[in-house]
Amino acid sequence: MTPEAQEQRRLAALHRLGILDSAAERRFDRLVEIAGRFYKTPIALFSLLDENRQWFKARRGLEVTETPRCMAFCDHTVHQDGILLVEDASRDPRFCANPLVTGAPHIRFYAGVPVREPTGMKVGSLCIIDPQPRQIPLQELDVLRHLADILEDELERTSEEAQSRAAVPITRLNRAIHRAQNTFHAQAYQDAAFDLMLADLLELTGSERGFIGEVLLDRRNRRYLKIGATTETIRRAAGKDATDANGETLEEFDTLIALALASDDMVIRNGTDDTGSPDSPDGQATGVWPQLGIPIFSGSNRVGLVGLTAQRKAYTTEAAHHLDPLLQTVGQLIEHKRLYQEKLDHQRGLEQAANYDALTGLPNRRRLTELFDDELKQAELRNGTLSICFIDLDGFKEINDAHGHSVGDKVLSAVSSRLKNALREHDIVARLGGDEFVAIIRDVEENTVYERILGAIRQPIRLQNQVLTLGGSMGVTVYPQDKAAPDLLLRHADQAMYAAKDAGKNRYQMFDFETNQYRAERVKILENISLALQEGQLELYLQPKITLNARRVDGFEALIRWNHPDEGLLSPISFLPQLERTEYAATVGRFVIAEAVQKLQRWARAGLPYTLSINLSPTHFLGSTFVQDLRQALQDCDVELRSRLVIELLETTALDDAHKIIETLLECRELGVEVSLDDFGTGYSSLDHFRRLPAQEIKIDRSFVADMLDDPEDEMIVKSIIALSRNFNRRVIAEGIENRETQEKLIAMGCNLGQGFFYSRPLQEAHALAWAQQFHDSHPTPVHYQI
């Protein structure tokens with residue numbers, strides 16, 4: 001509200017009191033007398049400030065009844081909320097030249113308290129004056145404040161008397177105010193409060209139509225009106241047809257609204273058309289009824305506008321000012337509503353920030369957790385399913401790096417929109433962060449929905465005159481087939497997504513429980529194998545190899561075991577497959593080579609002539625460091641010792657990359673070690689391949705040996721391998737001998753060597769050497785050593 005408009009409202013409130021230029025009254029004189037005596041000042045005044053003067057309703061120690069307003073200390077007092085204290089006016093730049101200071105009554109000390117009328121307007125002051133400078137602490141002026149409070153009580157009684165004679169009785173105003181406030185503070189009925197206030201305004205002013213609107217600012221800082229209540233809404237609430245209002249619309253208020261919004265002052269249009277030309281006395285010559293537009297303020301802020309129109313009466317400024325108490329309530333309630341709405345908007349903003357992704361507007365991880373829980377409950381109630389889809393974009397990082405984060409953000413926004421459009425309204429799409437999304441889909445009957453999601457992602461994205469393409473890898477798990485907790489379901493979908501990436505990306509992969517179990521075991525093994533190596537938990541067990549004809553121990557095959565602190569003794573099948581295609585395959589391989597060389601060195605020092613075969617990981621054998629690892633382990637070994645080390649290579653490995661394998665085996669031969677082709681018969685080697693492989697020994701796979709007594713085809717395979725090995729001058733060893741009959745059959749076929757449980761299970765080194773000694777001592781009867 002402008003200062004001018006505020007002053008007009010103050011003056012209107014003063015005139016409503018009806019006490020300007022009225023006779024002296026004992027109730028006011030008594031309060032002024034008390035003020036002067038208590039503070040021992042010769043002058044005390046109760047003054048009222050109108051347009052041009054300061055008029056004294058009660059005075060002590062001063063003969064004049066008024067002074068020009070330009071001289072009034074009171075004019076300064078009414079512009080502040082607290083006490084105006086002037087200890088020496090002659091030294092105060094605001095008052096030193098004031099005629100009341102330079103001349104009679106020679107004011108030096110002044111202390112004044114603003115006095116308000118019942119609606120809160122400051123209409124005057126209660127002051128004490130002394131021609132001598134004085135110093136009074138502010139806290140000692142409490143009595144002056146209390147006396148001003150009593151003055152205000154008296155003014156309220158005066159106001160009530162004036163209102164009883166006015167066109168708008170105070171009792172009706174109070175009833176309207178209380179009814180509006182009570183309705184408004186029942187928050188669910190805020191709009192109804194404005195309807196009630198408009199209805200009361202119509203009744204109090206004898207108006208037929210009207211509105212209450214909120215004044216707001218647009219982006220250009222221009223005022224516009226948001227209607228909160230109109231006569232039409234009141235008639236609807238009363239069950240009346242709006243057409244009873246002669247086709248009432250707000251268009252008839254257009255000119256009034258425009259004028260009122262452009263000014264902070266009251267607008268009255270009685271008997272003039274839109275051009276300003278006079279109408280007939282009853283206001284009907286141009287069809288325009290008398291109109292009243294009243295700006296609504298909250299403090300000094302323009303917050304609303306009331307518009308009224310009447311058919312049979314003209315509006316006056318004085319009558320409009322009598323509505324001030326109710327209009328102030330309208331302003332307060334509009335402001336309360338605005339503050340309440342701002343609070344709600346702030347809360348919604350906080351909830352939005354806490355629960356939704358700022359870039360895409362999709363639910364974030366926190367909100368997804370809540371929605372996921374609800375979906376699981378609903379799935380149980382309807383006995384339905386939920387597909388949990390974990391999506392990671394393929395190629396997004398490249399786009400982000402090449403074109404910048406701004407383009408990356410637009411791509412993410414585009415993808416989020418496509419994901420929402422690809423699914424039904426009740427399905428959920430959330431963004432976890434980065435380029436990761438989750439979709440939760442109800443009751444999927446056909447897997448085509450997963451292809452539809454990926455197809456939406458694959459569609460080209462056109463940005464900044466360029467076309468960008470990307471794909472998506474998606475993992476899917478289905479509840480309740482996968483009946484896990486929400487966090488674990490998301491983890492399973494995430495694991496399936498990585499499986500989709502491993503399979504070539506840009507596809508979906510269903511969660512596989514067996515694969516998941518393998519992955520979990522693999523992770524567990526990989527987490528512990530390094531510690532196992534450091535703490536010496538890995539150990540080479542030895543199984544003897546027997547020269548069948550000579551009935552002596554030729555050597556041993558080293559088989560790795562893990563002495564696990566929690567799970568006991570683990571066989572190779574429990575952990576070696578999980579090490580393949582990891583750095584630990586070579587680490588364990590180096591351990592096996594080093595341990596084997598150390599054993600051979602100890603045996604040589606003890607005069608034991610045994611050979612030692614070792615099994616190596618295909619990952620390590622085909623790796624770039626294998627030959628160097630072998631060379632380093634053998635650097636302190638002579639030729640004879642090196643020849644006792646036998647490297648066993650799976651036939652299936654030998655078929656993977658023949659050129660690479662042959663090259664590596666030749667390098668092994670140059671280092672002096674021997675090579676054995678393990679599990680022969682399972683890899684379908686060609687004759688040419690067999691001929692070219694530089695292996696001195698062929699091991700017949702145990703599956704053929706174990707069944708050859710009962711299966712003629714297996715017997716024929718064993719005979720063929722023995723014959724082939726003899727023809728190519730290769731030693732041949734049979735695995736899996738478990739009984740004497742098999743041993744004798746192999747001897748008859750011409751097999752050189754054998755091993756199996758018929759002789760011994762794999763043993764720790766000390767037990768294996770003891771077994772070998774016992775075998776020699778008890779020749780020719782085999783000894784079955786048990787540990």
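Which residue in strand 18 stands opposite valine 476? In this predicted model, the residue facing valine 476 is methionine 510 of strand 18. This pair offers a starting point for a walk through the structure.

Valine 476 falls within strand 17, which covers residues 471-479. Strand 17 and strand 18 run parallel, and three bridges join them. Both strands belong to an open sheet of five strands, whose order is 13-14-12-17-18 and whose pairing is mixed. At the edges of this sheet are strand 13 (428-433) and strand 18 (508-510), each of which pairs on one side only. From one strand to the next, the twist averages 20 degrees.

Helices accompany the sheet. Helix 14, formed by residues 405-422, lies across strand 12 (386-394), strand 13 and strand 14 (436-442). The direction of helix 14 is at about 5 degrees to strand 14. Helix 15, formed by residues 448-458, also packs on the sheet, where it touches strand 12, strand 14, strand 17 and strand 18. The direction of helix 15 makes about 155 degrees with that of strand 17.

The next topic is the packing of one helix against another. Two packed helices are described by the distance between their axes and by the angle between those axes. For helix 21 (residues 626-633) and helix 24 (residues 658-670), the axes come within 10 Å and cross at roughly 10 degrees. Because angles under 35 degrees count as roughly parallel, helix 21 is roughly parallel to helix 24. Helix 21 contributes Phe626, Val627 and Leu630 to the contact, while helix 24 contributes Thr664, Glu667 and Cys668. Sorted by class, the contact of helix 21 with helix 24 has four nonpolar residues, one polar residue and one charged residue.

The final topic is empty space. Such space is revealed by rolling a probe the size of a water molecule over the atoms. The largest pocket holds about 930 Å³ of space. Its lining consists of 35 residues, and those nearest the centre of the pocket are Leu559, Pro572, Ile573, Leu576 and Asn615. Several elements give two or more residues to this lining: strand 19 (538-547), strand 20 (552-564), helix 18 (576-579), helix 19 (583-605), strand 23 (645-650) and strand 24 (674-680). Strand 20 gives the most, with five residues. In terms of class, the lining of the largest pocket has 17 nonpolar, eight polar and ten charged residues.

Terms used
Residues numbered from 1 in each chain as written. Predicted model: local features only at pLDDT ≥ 70, side-chain atom pairs only at ≥ 80, totals over all residues. Heavy atoms only, no water. Pairing = 2+ DSSP bridges. Helix = DSSP H or I, 4+ residues; strand = E, 2+ residues; numbered from the N terminus. Axes fitted to C-alpha atoms, helices over the stretch in contact; angles between N-to-C directions. Contact = heavy atoms within 4.5 Å. 1 Å grid on protein atoms, 1.4 Å probe; cavity = no way out; pocket = protein on both sides within 12 Å on 5 of 7 lines; lining within 4 Å. Points joined across faces, edges and corners; volume = space filled by probe spheres on them. Nonpolar A, V, L, I, M, F, W, Y, C, P; charged D, E, K, R; others polar. Parallel < 35°, antiparallel > 145°, perpendicular 65-115°, else oblique.
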